[in-house]
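Here are a few exercises to work through with the viewer open. Try each task before you read its solution.

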Amino acid sequence: MYPRRWFIAWCAMATLSLSNVRFPSRSWAQAPSDDNIHFLWFFEARERRQPGDRVEHFAITQDTELKIGGQLRLAVQLRKPCYVYVIYHSAEGDIKQLFPYATRPLEGPDTLEKKYPMPPGEDMWFTLKVPAGKETFYLLASTKRLTELETLVETYTAAPASARAPLVPKIVA
């Protein structure tokens, strides 16, 4: 893969509101120019800091550390036709494509302005489980379809577990 060809955005900034966690508009980061790829994204976590405390919602930044049992979710919303991919690299070294939900990217005017939560569904969250480790989410956007990435992810998904490890560096390179 050739990262310099793609706009790679690290899910790093979001402002959250405890009273409105249903993808509030002020929580979306967006591209600054209409001449560029244009999509919005949202990345948040929730966890109890101490046993007995209420659940706190907060923005996930580049250096956020969550505990086992912590939860997170993200979403994207296409504002202009573009291709957005979200790839998850687990602490165990596994790869999973979170977006688009299907193997192939979303296309067509009906995909614009719709919010796509990950995991899909109302009030759904990923929960961090053992083993603890570095969990990485890659958010890639392009004006052109990333067919090489799609093929690598499809090959990885279809491969037996014993054959997947050599494909990981090619996907996250």
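## Exercise 1: the salt bridge of R79

Start with R79, which is partly exposed at a relative accessible area of 31% (buried is under 20%, exposed over 50%, partly exposed in between, with a 1.4 Å probe and protein chains only). This is a predicted model, where local features need pLDDT of at least 70 and side-chain atom pairs 80 or more, while totals for chains, interfaces and linings use all residues. Residues are numbered from 1 along each chain as its sequence is written, and side-chain values use heavy atoms, with hydrogens and water left out.

Task: which residue forms a salt bridge with R79, and which parts of the chain does the pair tie together?

Step 1. The partner is E113, with the closest N and O atoms 3.0 Å apart; a salt bridge needs a side-chain nitrogen of Lys or Arg within 4 Å of a carboxyl oxygen of Asp or Glu.

Step 2. R79 sits in the loop between β5 and β6 (83-89) and E113 in the loop between β7 and β8, so the pair links parts 34 residues apart in sequence. Strands here are DSSP runs of E, at least two residues, and helices are runs of H or I, at least four, numbered from the N terminus.

Step 3. E113 is partly exposed too, at 41% relative accessibility.

## Exercise 2: two pairs that start from β3

Task: find what E44 and R46 pair with, and say whether each residue is buried or partly exposed.

Step 1. E44 bridges to R73, at 2.7 Å between the closest N and O atoms. E44 is in β3 (residues 39-47) and R73 in β5 (residues 71-78), so this pair ties together parts 29 residues apart in sequence. Both R73 and E44 are buried.

Step 2. R46 meets D123 in a salt bridge at 3.8 Å, N to O. D123 belongs to the loop between β8 (115-118) and β9, and R46 to β3, so the parts tied together are 77 residues apart.

Step 3. R46 is buried at 18% relative accessible area, whereas D123 is partly exposed at 47%.

Step 4. As a check on your search, the structure holds four salt bridges.

## Exercise 3: the chain as a whole

Task: how many helices and strands does the chain have, and in what order do they run?

Step 1. Count three helices and ten strands.

Step 2. From the N terminus, the order is β-β-β-β-β-β-β-β-β-β-α-α-α.

Step 3. For burial, 43% of the 173 residues count as buried.
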